[in-house]
Amino acid sequence: MEIAVTRVGQAGTRPKDEDLGFGTAFTDHMFVMDYSTDKGWHDPRIEPFAPVTLSPAAMVFHYGQAIFEGLKAYKTPEKKVQLFRARDNFDRLNRSARGLCIPEVDIDFVMDALKQLLKLEKDWIPETLGTSLYIRPFIIATDPFLGVRSSFTFKFFIILCSVGAYYAGGLAPVKIWVSKDHVRAVPGGVGEFKTAGNYAASLNAGEIAKKQGYAQVLWLDALERKYVEEVGAMNIFFVIDDELVTPNLTGSILPGITRFSVIDLAKKWGMPVSERKISMDEVLDAHASGRLKEVFGSGTAAVISPVGEICYGDRVLHIGDGNPGPVAMKFYQALTSIQYGTAKDTENWIEPVV
Ligand code: PLP
Ligand code: COI
């Protein structure tokens with residue numbers, strides 16, 4: 001399929017690197033294509049980033065049939081543009097698509113479309129460590145219909161955004177709050193898919209956490225409210241003694257690509273790592289006995305985010321000394337140097353763009 005390109009008349013300007021936050025500095029163009037049952041995915045195009053016209057009855061507004069991805073492009077010191085594990089994100093998009101009755105996309109085609117879009121927008125990719133171009137592919141249901149069923153028409157978009165750190169404090173340890181009353185996802189549900197409703201379901205508890213000064217919610221399993229699952233926008237790791245522990249993928253946790261990368265690196269370095277159930281009781285015990293050395297989150301937007309405090313009911317656990325711990329820093333260093341092209345891509349995670 002040929003991609004039609006319509007360019008903007010007047011290019012926008014990228015904010016200075018030091019002014020970049022997360023999720024507001026959109027680039028000039030976006031990629032769009034449409035789906036209908038008779039034509040499949042069709043009419044791929046790159047066009048100016050602009051508001052979209054949809055029927056107020058479009059199904060996405062009412063029943064949330066929507067999926068998305070989050071990945072990043074980086075600029076190397078040689079000014080090359082590269083993607084980190086991008087195919088894994090489109091694989092996950094297709095898994096989410098199957099889970100939400102949305103038609104899958106052709107990964108080779110969307111990779112090419114993304115590269116074409118990135119070539120056009122390469123000036124929007126900042127270079128300072130900690131900044132990058134965040135890529136948000138998403139698919140929404142567009143049938144103007146109020147009955148509950150899967151849509152027959154969809155739109156796929158890729159929008160881009162120059163970003164800095166996800167948390168305003170950058171690498172400074174974040175504070176997280178364990179929700180006892182709300183759950184994010186249930187076994188057999190859609191927790192492992194990157195679908196809009198999971199984030200909508202997290203907002204109420206997120207507001208409660210914020211009011212108490214916590215950045216995000218740490219979710220527990222829905223059945224027993226006992227085992228740690230993940231954080232609002234990242235997976236979670238605990239360093240207990242010298243072992244790295246992360247919750248196993250139960251179906252209600254997002255299978256994070258950064259999570260897989262951390263596990264792969266740990267195995268490569270000979271660091272003991274286990275994916276298993278970990279209860280809050282175990283975390284409390286490990287903390288009380290001084291064996292809980294570090295806690296950190298992993299995610300595309302969050303990169304590696306040290307956790308300095310966990311609030312669980314009336315217990316407040318302080319972890320570390322207020323600075324990022326050595327294990328979190330080692331993963332941060334290793335991942336970012338591959339992502340920014342300052343270290344060799346020993347894991348074959350990098351996809352060059354230009
Ligand atoms: N968990 C949730 C709920 C997320 O939204 C994200 C972000 O994508 C992650 C985990 C981390 O996933 P990844 O490392 O693929 O970005
Ligand atoms: C990402 O890390 O890409 C995410 O999707 C997190 C996001 C919800 C901000």
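**Entry 1: ligand 1.** I started with Tyr199, where an N or O atom of the side chain sits 2.6 Å from an oxygen atom of ligand 1. I note at the outset that this is a predicted model. I then looked up two further polar pairs of ligand 1. Glu230 places a polar side-chain atom 2.5 Å from a nitrogen atom of ligand 1. Thr300 has a polar side-chain atom 2.6 Å from an oxygen atom of ligand 1. I also checked the cover: ligand 1 alone exposes 390 Å², and the protein buries 96% of that. For the surroundings I found 17 residues around ligand 1, of which Tyr199, Glu230, Ile257, Thr258 and Thr300 come nearest.

**Entry 2: ligand 2.** Which residues surround ligand 2? I listed Phe22, Phe68, Gly70, Tyr134, Arg136, Tyr166, Lys194, Tyr199, Ala233, Thr300 and Ala301. Tyr199 and Thr300 had already come up at ligand 1. For polar pairs I went through three residues. A polar atom in the side chain of Tyr134 is 2.6 Å from an oxygen atom of ligand 2. From Thr300, a backbone N or O atom lies 3.5 Å from an oxygen atom of ligand 2, whereas at ligand 1 Thr300 uses a polar side-chain atom. A polar backbone atom of Ala301 is 2.8 Å from an oxygen atom of ligand 2. On its own, ligand 2 has 280 Å² of accessible area, and the protein covers 89% of it.

**Entry 3: Lys194.** I took Lys194 next, as one of the residues around ligand 2. UniProt, in an unreviewed entry, places the feature "modified residue: N6-(pyridoxal phosphate)lysine" at Lys194. Where does Lys194 sit? I found Lys194 in the loop between strand E10 (174-178) and helix H4 (196-200). Is Lys194 buried or exposed? The relative accessible area of Lys194 is 10%, so Lys194 counts as buried, the cut-off being under 20%. Setting aside neighbours within four places in sequence, I listed the contacts of Lys194 as Ala66, Ile67, Phe68, Glu69, Gly70, Arg92, Ser96, Tyr199 and Leu254. Among them, Phe68, Gly70 and Tyr199 are also around ligand 2.

**Entry 4: nonpolar cores.** I looked up the largest nonpolar core and found 39 residues in it. Phe31, Leu83, Leu114, Leu118, Ile135, Ile139 and Phe156 have the most contacts inside this core. The elements giving two or more residues to it include strand E3 (29-36), strand E4 (40-48), helix H2 (86-99), helix H3 (107-120) and strand E8 (132-141). H3 supplies the largest share, eight residues. I followed Leu118 further: not counting residues up to four places away in sequence, Leu118 touches Ala73, Leu83, Leu133, Ile135, Leu160 and Val353. I also noted a second, separate core of 26 residues, which includes Leu220, Val228, Leu284 and Ile310.

**Entry 5: Thr336.** I located Thr336 in helix H8 (residues 326-339). With a relative accessibility of 5%, Thr336 counts as buried. What does the side chain of Thr336 reach? I found the backbone oxygen of Tyr332 at 2.6 Å from the side chain of Thr336. Leaving aside neighbours within four places in sequence, I found Thr336 in contact with Leu129 and Val303.

**Entry 6: positive phi.** Most residues other than glycine have a negative phi, so I looked for exceptions. Asp43 has a positive phi, near 55°. Asp43 is in strand E4 and is partly exposed at 42% relative accessible area. Arg225 also has a positive phi, about 50°, and is not a glycine. I placed Arg225 in the loop between strand E11 (216-220) and strand E12 (228-231). Arg225 is partly exposed, with a relative accessible area of 36%.

**Entry 7: Pro324.** My last lookup was Pro324, in the loop between strand E18 (315-318) and H8. Pro324 is partly exposed, at a relative accessible area of 27%. Along the chain Pro324 and Gly308 are 16 residues apart, and their C-alpha atoms are separated by 8.1 Å. Apart from neighbours within four places in sequence, the contacts of Pro324 are Leu171, Pro173, Pro306 and Met329.

Terms used: Residues numbered from 1 in each chain as written. Chains lettered and ligands numbered in written order. Predicted model: local features only at pLDDT ≥ 70, side-chain atom pairs only at ≥ 80, totals over all residues. Heavy atoms only, no water. Core = buried A, V, L, I, M, F, W, Y, C linked by side-chain atoms within 4.5 Å. Buried < 20%, exposed > 50% of the residue type's maximum accessible area, 1.4 Å probe, protein only. Helix = DSSP H or I, 4+ residues; strand = E, 2+ residues; numbered from the N terminus. Contact = heavy atoms within 4.5 Å. Near = heavy atom within 4 Å. Polar contact = N/O pair within 3.5 Å; in protein donor to acceptor, adjacent residues only side chain to side chain. Areas by Shrake-Rupley, 256 points an atom, 1.4 Å probe, with all protein chains shown as cover. UniProt positions renumbered as here; feature names shortened; annotations may be inferred.
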